[in-house]
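Work through the exercises below with the sequence and the 3D structure at hand. Each task is followed by a solution in steps.

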Amino acid sequence: MKNILPREQLFHRLLITVLATTMTLSTLAGPLEELHEANTSEERLDLDLVYQVFNDAILTHLTLDPALDELRDIAENADASDRTRAKSYLSMAHLYWRYGHFDS
């Protein structure tokens, strides 16, 4: 009976880790996905969505890197429209500015 308990605890810890990681990644995807959709539209850049991405990335995940990497991938994609690419670069600039990287 003693051998079963440690394996069960190990399984529960692994399950909690997997669920926590999955929830963290899905939370980041929410505002960022909305920003991607807004950047493909003909409307102006939605600064509220940029601020939501910033708040989610910094306040929840403590880093901008995943959001900036995704925006950079879209901005450097030659198949995307010029408007989408420009709005992705502009979104990155707003995130850097909000974070305090004025030179970026």
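**Exercise 1.** In which helix is Glu 70 found?

Solution. The model is a predicted one. Begin with the layout: the chain has four helices and zero strands, and from the N terminus on its elements run α-α-α-α. Glu 70 lies in helix α3, which spans 65–75.

**Exercise 2.** Is Glu 70 buried, partly exposed or exposed?

Solution. Step one is the value: the relative accessible area of Glu 70 is 34%. Step two is the cut-off: buried means under 20% and exposed means over 50%, with partly exposed in between. Glu 70 is therefore partly exposed, at 34%. For the chain as a whole, buried residues account for 28% of the 104 residues.

**Exercise 3.** Which residues gather in the patch of negative charge on the surface, and which helix supplies the largest share?

Solution. First list the members: Glu 33, Glu 34, Glu 37, Glu 70, Asp 73 and Glu 76. Next assign them to elements: α1 (4–39) and α3 (65–75) each contribute at least two residues to the patch. Finally compare the shares: α1 gives the largest, with three residues.

**Exercise 4.** What percentage of the area that the chain exposes is supplied by carbon and sulfur atoms, and what percentage of contacts between residues at least 6 apart in sequence join residues at least 24 apart?

Solution. Take the surface first: the chain exposes about 7,500 Å², and carbon and sulfur atoms supply 57% of that area. Then turn to the contacts: among those between residues at least 6 apart in sequence, 63% join residues at least 24 apart.

Notes: Residues are numbered from 1 along each chain as its sequence is written. This is a predicted model: local features need pLDDT of at least 70, side-chain atom pairs count only at pLDDT 80 or more; totals for chains, interfaces and linings use all residues. Side-chain values use heavy atoms; hydrogens and water are left out. Patches are made of residues with over 30% relative accessible area and no salt bridge: like charges are joined within 9 Å, nonpolar side chains (Val, Leu, Ile, Met, Phe, Trp, Tyr) within 5 Å. Accessible areas come from the Shrake-Rupley method with a 1.4 Å probe; for residues, only the protein chains shown count as cover. A salt bridge is a side-chain nitrogen of Lys or Arg within 4 Å of a carboxyl oxygen of Asp or Glu. Lys and Arg count as positive and Asp and Glu as negative; His and the chain ends are not counted. The place of a charge is taken as NZ of Lys, CZ of Arg, CG of Asp or CD of Glu. Buried means under 20% relative accessible area, exposed over 50%, partly exposed in between (1.4 Å probe, protein chains only). Contact means heavy atoms within 4.5 Å.
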